[in-house]
Amino acid sequence: MQEFLIIKGAREHNLKNIDLSIPREAITVITGPSGSGKSSLAIDTIYAEGQRRYVESLSAYARQFIEQLQKPDIDYIEGLSPSIAIDQKTVHKSPRSTVGTITEIYDYIRVLYTRIGRQNCYNCGLPVSKQDSTDIINSVMSLPQGSRIQILAPIVRDRKGEYKKELQEMRREGFIRARIDSAIMDLTQDITLNKYKRHTIEIVVDRLIIKPGIERQTKDAIETALSYSDIVVINLLERNKDIIFSKTTVCTKCGISYPEINPMFFSFNSKQGACPRCNGLGFENLDEDSSEIQEYKYCRLCGGMRLRKEALSIKIQDRNISEFSKMSVEDALHFISNLKLTEKEQTIASRVLKEVKDRLYFLKKVGIGYLTLDRSSLTISGGEAQRIRLATQLGSSLTGVLYILDEPSIGMHPGDCIKLLESLSSIRDAGNTVVVVEHDEETIRWADYVVDMGPGAGLKGGWVVASGRPDDIEKNEYSLTGKYLSGLMKIDIPDLRRKQKDFIHIIGAQEFNLKNINVKIPLGIFICVTGVSGSGKSTLVMEILYKALCKEKHGSKSMPGKFKEIRGMEKIDRVISVDQSPLGKTPRSNPATYTGVFSFIRALFAQVPESRIRGYAPSRFSFNLSGGRCESCRGEGMIKVEMHFLPNVYIPCNTCKAKRYNKETLDIRYKRKNIAEVLEMTVTEALQFFLPIPPVREKLEVLEATGLGYLQLGQPASNLSGGEAQRVKLSKELGRKSKTNTLYILDEPTTGLHFADIQKLLDVINSLVDSGNTVILIEHNLDVVKSADYIIDLGPEGGEGGGLVVAEGTPEEVSMNPDSYTGRFLKNKLSERHLYTNRMVSH
């Protein structure tokens, strides 16, 4: 078996015709500055070629698309295994998608509740059951000897009408008595019923005395009764008491019938199971196309449980399926592992229980045991989505596969990261090859092999600067990553911490897992909110503080999470959240359009003499409008090919060759470049090109300052990572006219950032604070946390084990708190002040 994955002549995007060998059945980390070519190598070259070869192995129907699947720009790859990419965008975002459905745990649980769930009446709470004729006969024959009974068949139950036709038909069938509205009546007599009142009509099939030898007559009577009705009523004459039996499920007290139980009965995506009011979505204000949950207002009928009351009346050890789904992964695993089942139930459920246990165990193993199974995919972060997929692969037991992961440590506290690394090791040890695009120091040190790309971004990147074991990279004098690993370069700890000017006080925060906590938010400084995954950081900052401020300052209709009071909101003028959601819903959005710089560029092209002669306005240079754009692809540059067996594939438009514009528009040139060539420029290239144009230069300088100089101006928003999208948004805000007394909130802004790029981000944050603003980061990166003025650490654990303020104060104060997980890791980071000094002396 080949020991290496051999890559020759890789030239995709900015790759410089590189050759590389990656060890198989090992963990390889590809690292380097943002834009250095990491994803171009891992995703656009290695994975893309693996996908292309896979499609080539499919049927003739599939192969008709092969000519359209582009081969990566590469000479060849040897030793390539079937490839699986696990990135941050592979979980379908839908209000109907949950952690349980994504992992298929909910599908197995639906089967479990179908097979061993015990049904109770939703009205009275008593058990409901169904019996076949043999069960009914056995129950009747077990009555005390000498019992006098009537066997009745209900043909009308609590309905209005005269029922003359039905009564006449019973007479013709030979029946002579019926119990009508609890009174025995003679069918040979004329019976008149009030058509406007509700009636119950039960035919008397036979009268018996329980004694030996009566079995045959009892059997005939019961089978006759069942031929007229699904229900048999056994009336005990001496006690005037009814015993109700049913061949379908029915409540013997209320008479309510229940449909046949099957797995679809528990599906909120099926009419059989979905709550009729919210159609299984669980919320009052949600529709099928919602991309976020604006307000947590539960459906008034199902209370957010999504299902019909009939389905919710079925329980396993006093929990219905929705109550089970509201448990965290860890709690669900404990519940399933401690089920007390009969021998028969154990036999029935053993296979299903094993599948559920395995999936829950792997979710816990990758560090997301705090997620609840009913957690909507709309609220799952990119890192959580990636770890859900990773857990699914852990349970697949595949071998000989190449796994490619894009920053799996995103959103993970250092304390959780070890779980992830152990999971990657398990995949490797099963005989697979793992390639990880990553910047996290712990992950780099854990790897068997490291490929360091660089030395810079964009045109200055695309080379393999160093490769080898982590300690080889650390010793390599040309490796920027190595210099940070060895301590020759570092992100400095501030000499002084800023002092807060005032506070916003949050009183009684109790949304989700927050435990009625009081939190002080300092103003005028740089704050990090930290804690393990699921500890309540986003709930506190985004669901409560941000939404409450938006409602107060900007009139937002989004309802904040539950709290008693927030004091001091008048002390800031506005609030801005810069998150990692996409810049737009279509590939038409890009950094140039989003930041507004493209409007100036289009106006510039409209001023070119040739444009003025032809009468071209700035709109001519928009790829969203008819006139200047290519109509074959409607200005998208790519054509979507629907692959029914695989995700859709996008291929370059044959007419414009991915330029987006028609020939006449491309004839117009500014400084020898047409509009398409300008969109292909990186921010760094465009900055030099438009240096004399102040409105363009100023916006590009902000993009450059946030570490995005490598991005192309026209790069589709759908191709940007969450971290890149966030920094583009931050650039747009920074490009506005300077305003002070603003509260900026950033969620994990270090996503996708190399050590060298983090310093650029910190410079931007510090410039905002120095301008009189407050910046709050939800962050795990210790280089950023150590640079903050103030830390609010939540925990101590995730899920129900979190929701408390564990520590608060300066990084030095938090590092001394023995209860803080963050503090323990931070203490080591702060001690590097001395460690780095010693290393510098030794070198």
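Rings of Phe, Tyr and Trp (its six-membered ring) count as a pair if their centres lie within 6.5 Å; planes under 30 degrees apart are stacked, over 60 edge-to-face, and the rest tilted. With that rule, let's work through some exercises.

The model is predicted, so local features need pLDDT of at least 70 and side-chain atom pairs pLDDT 80 or more, while totals for chains, interfaces and linings use all residues. Residues are numbered from 1 along each chain as its sequence is written, and side-chain values use heavy atoms, leaving out hydrogens and water.

**Exercise 1.** Find how many aromatic pairs there are, and classify the pair of Tyr122 and Tyr258.

Solution.
- Step 1: the rule gives 17 aromatic pairs.
- Step 2: Tyr122 and Tyr258 are 5.6 Å apart centre to centre, with 75 degrees between the planes, and the pair is edge-to-face.
- Step 3: the two are 136 residues apart, with Tyr122 in the loop between strand S6 (118-119) and helix H5 (133-141) and Tyr258 in strand S14. Helices (H or I, at least four residues) and strands (E, at least two) are DSSP runs, numbered from the N terminus.
- Step 4: check accessibility, where buried means under 20% relative accessible area, exposed over 50%, and partly exposed in between (1.4 Å probe, protein chains only). Tyr122 is partly exposed at 32%, whereas Tyr258 is buried at 4%.

**Exercise 2.** Describe the surroundings of Phe689, starting from its pair with Tyr670.

Solution.
- Step 1: the ring centres of Tyr670 and Phe689 are 5.9 Å apart and their planes are at 80 degrees, so this pair is edge-to-face.
- Step 2: Tyr670 lies in the loop between helix H21 (663-666) and helix H22 (675-679), and Phe689 in helix H23 (residues 683-689).
- Step 3: both Tyr670 and Phe689 are buried.
- Step 4: the two belong to one aromatic cluster with Phe605, Tyr616, Phe621 and Phe690.
- Step 5: Lys671 lies over the face of Phe689, 4.8 Å from the ring centre. A charge sits over a ring if NZ of Lys or CZ of Arg is within 6 Å of the ring centre and within 35 degrees of the ring normal.

**Exercise 3.** Locate the cis peptide bonds that precede Pro455 and Pro796.

Solution.
- Step 1: recall that most peptide bonds are trans.
- Step 2: the bond from Gly454 to Pro455 is cis, with omega near 0 degrees, and Pro455 lies in the loop between strand S19 (449-454) and strand S20 (463-468).
- Step 3: Gly795 and Pro796 are joined by a cis bond with omega about 5 degrees; Pro796 is in the loop between strand S30 (790-795) and strand S31 (804-809).
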